[in-house]
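Visitor: Please give me a close look at the sheet. Then follow it outward to whatever surrounds it.

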Amino acid sequence: MNITLIYFDFPFWRAEIARIAMFLGNINFYDLRISSDEFKKVKTYGKLNDGTIIPFHQLPCLIIDKTPIMQTAGIGRFCGKLSGLYPKNDDYKAALIDQIIEGAQDINYLVTLSGRDKDLERKKIARSILATRHLPKWFQFLEDLLKQNTESIYFVGGDL
C-alpha cells in the first residue's frame, strides 16, 4: 500500500493525528508538505502542481494507492486502524474516540471563526470571548472525559 499524507510544512492537529498514528504504528508513508503558494492552486484548481487531485480543494489529504481520502476525522480513523490505535471491532470505543475528534473539530471552528473579522477591534473582542468563555468550556468538557476514564491517562481504554 502506497500512502502519502499531504499538508502544510508545520505541525497542526489536523495532520498530526495521521502522522503520529502512522509513526507509532511503524507505517511507511510519504509526508508531502506543500507551500502556501501551491495551496493557493489547490484551492482554485483542486490539484497539486504534479496533477494529484485534491477533491475538496482543502487539506489534509491522504492518498492511498492514488486514491484520495479527505477530511481530518476520516483520515484519522483510517490511520488509527492501520496502526492499531483505533478499534476495528469495538463500536463503543470507536464512538468514544470519535467524540474527541469531533470535539477538536468544534474547537478548531471556534478558533477559526474568532480570527476572521478584518476589523481589528472586533477580532480582539472575538478572541477575548474565545479565550474567556468558549475555550475554557470546551477544555473542561475534554478534561471531564479524561477523568471519567479510570483505566489510564488516556481518553479511552487502558492504553494508547
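Guide: Start with helix H3, which lies across strands S1, S3 and S4. The helix runs at about 45 degrees to S3. Keep in mind that this is a predicted model. H3 spans residues 72–83.

A second helix, H1, also lies across part of the sheet: S1, S2 and S3 are the strands in question. H1 covers residues 13–24. Relative to S1, H1 runs at about 145 degrees.

Now the sheet itself. Four strands build it, in the order S2-S1-S3-S4. The sheet is open, and its pairing is mixed. S2 (30–34) and S4 (67–70) are the edge strands; each has a single partner, so one side of each lacks a neighbour in the sheet. From one strand to the next, the twist averages 25 degrees.

Sheet strands pair through backbone hydrogen bonds, in parallel or antiparallel fashion. Take the parallel case here. S1, residues 3–8, pairs with S2 in the parallel sense, over five bridges. Within this part of the sheet, Tyr-7 stands opposite Arg-33 of S2.

S2 has another link, this time to a helix. Asp-31 forms a salt bridge with Arg-19, and the closest N and O atoms are 3.1 Å apart. Arg-19 sits in H1 and Asp-31 in S2, so to speak two distant parts of the chain, 12 residues apart. Side chains of opposite charge can pair when their charged atoms come close. The structure holds eight salt bridges, and Arg-19 with Asp-31 is one of them.

Move to the antiparallel end. S3 (61–64) pairs with S4 over four bridges, in the antiparallel sense. Ile-63 faces a partner here: Pro-68 in S4 stands opposite. S3 and S4 form a hairpin, with two residues between them. Look at Asp-65 in that turn. Its phi is positive, about 45 degrees, although Asp-65 is not a glycine.

Just before S3 comes another backbone detail. Leu-59 and Pro-60 are joined by a cis peptide bond, with omega at about 5 degrees. Pro-60 belongs to the loop between H2 (36–45) and S3.

Both of these residues also line a pocket, the second largest. Its volume is about 310 Å³. Besides Leu-59 and Pro-60, its lining includes Phe-12, Arg-14, Gln-58, Gln-71 and Thr-72. Gln-105, Asn-108, Tyr-109, Thr-112 and Arg-116 are also in the lining. H4 gives the largest share, four residues. By type, the lining has four nonpolar residues, six polar and two charged.

The two helices we began with lead to the largest pocket. H1, H3 and H4 (91–114) each supply at least two residues of its lining. The space in this pocket comes to about 850 Å³. Its lining has 27 residues; closest to the centre are Leu-85, Ile-97, Ile-100, Phe-155 and Leu-160. The lining divides into 18 nonpolar, five polar and four charged residues.

Last, put the sheet back into the chain. There are five helices and four strands. From the N terminus, the order of elements is β-α-β-α-β-β-α-α-α. The C-alpha trace spans about 50 × 45 × 20 Å along its principal axes.

To recap the sheet: S1 and S2 pair parallel, S3 and S4 pair antiparallel. H1 lies across S1, S2 and S3, while H3 lies across S1, S3 and S4.

Terms used:
Residues numbered from 1 in each chain as written. Predicted model: local features only at pLDDT ≥ 70, side-chain atom pairs only at ≥ 80, totals over all residues. Heavy atoms only, no water. 1 Å grid on protein atoms, 1.4 Å probe; cavity = no way out; pocket = protein on both sides within 12 Å on 5 of 7 lines; lining within 4 Å. Points joined across faces, edges and corners; volume = space filled by probe spheres on them. Nonpolar A, V, L, I, M, F, W, Y, C, P; charged D, E, K, R; others polar. Pairing = 2+ DSSP bridges. Axes fitted to C-alpha atoms, helices over the stretch in contact; angles between N-to-C directions. Contact = heavy atoms within 4.5 Å. Salt bridge = Lys/Arg side-chain N within 4 Å of Asp/Glu carboxyl O.
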